[in-house]
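Here is a short guided tour to read alongside the sequence and the 3D view. Take a look at the structure, and then we can walk through it together.

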Amino acid sequence: QVHLVESGGTSVQAGGSLRLSCSASGYNFSNRSNRCMGWFRQAPGKQREGVAVLDSWDNTKYADSVKGRFTISQDNAKSTLYLQMDSLKSEDSAMYYCAAGTSYCNRVTMSLLSDYYGYWGQGTQVTVSS
């Protein structure tokens with residue numbers, strides 16, 4: 001059974017940095033798995049949006065709103081997905097979710113759409129104050 005647990009969310013001032021972590025158990029994300037994992041976020045009253053995704057070969061894709069500020073990475077040995085967030089803005093405030101895909105995924109097919117991800121964590125809250 002796949003289990004995703006996020007951590008690292010907190011309150012921070014604009015311009016600051018945070019690193020989110022997602023501990024994954026029961027999920028095969030080795031190089032040959034051809035799967036994707038990603039970070040999504042949802043602010044109150046808004047739809048969930050894709051922030052960054054990464055395939056099992058470490059190819060990445062980012063939402064335009066976070067390019068150059070956020071970095072997604074993984075530590076396969078620790079079964080952990082990370083999201084380094086720098087130069088945070090108030091509009092980055094949201095609940096952040098870790099997600100893991102259930103279908104074939106590579107750098108060509110990787111998507112920021114939540115429909116492609118079947119496993120989800122409970123979320124971790126990030127609040128950026130200006």
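Which residue in S3 is the bridge partner of Val 5? In this predicted model, the partner of Val 5 is Ser 23 of S3. That pair is a handy place to start, and we will come back to its sheet below.

## The overall picture

The protein has eleven strands and zero helices. Reading from the N terminus, the elements therefore run β-β-β-β-β-β-β-β-β-β-β. The C-alpha trace spans about 45 × 25 × 25 Å along its principal axes. For 130 residues, a compact globule would be expected to have a radius of gyration near 14 Å, and the protein agrees with its 14 Å.

Of the 130 residues, 46% count as buried. Among contacts with a separation of 6 or more, 60% are between residues 24 or more positions apart. The protein exposes about 6,900 Å², and carbon and sulfur atoms supply 43% of that area.

## The four-stranded sheet

Four strands make an open sheet in the order S1-S3-S8-S7, with antiparallel pairing. S1 (3-7) and S7 (70-75) stand at the edges; each has a single partner strand, so one side of each is left without a neighbour in the sheet. From one strand to the next, the twist averages 15°.

On the S1 edge, five bridges pair S1 with S3 (residues 18-25) in the antiparallel sense, and the Val 5 to Ser 23 bridge belongs here. On the S7 edge, six bridges join S7 to S8 (residues 80-85), again antiparallel. Ile 72 has Leu 83 in S8 as its bridge partner. S7 and S8 form a hairpin with four residues between the strands, and Ser 79 takes a positive phi near 50° there.

S7 is a nice strand to look at side chain by side chain. Phe 70, Ile 72 and Gln 74 point to one face and are buried. Thr 71, Ser 73 and Asp 75 point to the other face and are not buried.

## Strand S4 and its partners

How many of the seven residues of S4 are buried? Six of them are, so S4 is largely enclosed by the rest of the structure. S4 pairs with S5 in the antiparallel sense over six bridges, and it also pairs with S9 in the antiparallel sense over six bridges.

On the S5 side, Gly 38 has Val 53 as its bridge partner. S4 and S5 form a hairpin with six residues between them, and Gly 45 in the turn has a positive phi of about 80°. On the S9 side, the bridge partner of Trp 39 is Cys 98, a residue that returns in the next section.

## Two disulfides

A disulfide is a covalent bond between the sulfur atoms of two cysteines. The count for this protein comes to two. One of them joins Cys 22 to Cys 98, with an S to S distance of 2.1 Å. This pair links distant parts of the chain: Cys 22 lies in S3 and Cys 98 in S9 (residues 94-101), 76 residues apart. Both Cys 22 and Cys 98 are buried.

Cys 36 and Cys 105 form a disulfide too, with their sulfur atoms 1.8 Å apart. Here the link runs from S4, which holds Cys 36, to the loop between S9 and S10 (117-120), which holds Cys 105; the two residues are 69 apart. Cys 36 and Cys 105 are both buried.

The link of Cys 22 and Cys 98 is left-handed, with -75° about the S-S bond. The link of Cys 36 and Cys 105 is left-handed, with -75° about its S-S bond. With the bonded cysteines numbered in sequence order, the pairing is 1-3, 2-4.

## Positive phi in two loops

Two loop residues deserve a look at their backbone angles. Asn 34 has a positive phi of about 50° although it is not a glycine, and it is found in the loop between S3 and S4 (36-42).

Asp 58 is not a glycine either, yet it has a positive phi of about 70°. Its place is in the loop between S5 (49-55) and S6 (60-62). Is Asp 58 buried, partly exposed or exposed? With a relative accessible area of 45%, Asp 58 is partly exposed.

Key:
Residues are numbered from 1 along each chain as its sequence is written. Side-chain values use heavy atoms; hydrogens and water are left out. Two strands pair if DSSP finds at least two bridges between them. Axes are lines fitted to C-alpha atoms, for helices over the stretch in contact, and angles run from 0 to 180 degrees between N-to-C directions. Buried means under 20% relative accessible area, exposed over 50%, partly exposed in between (1.4 Å probe, protein chains only). A disulfide is a pair of cysteine sulfur atoms within 2.5 Å. The radius of gyration is taken over C-alpha atoms; the globule rule is 2.2 Å times the number of residues to the power 0.38. Contact means heavy atoms within 4.5 Å. Accessible areas come from the Shrake-Rupley method with a 1.4 Å probe; for residues, only the protein chains shown count as cover.
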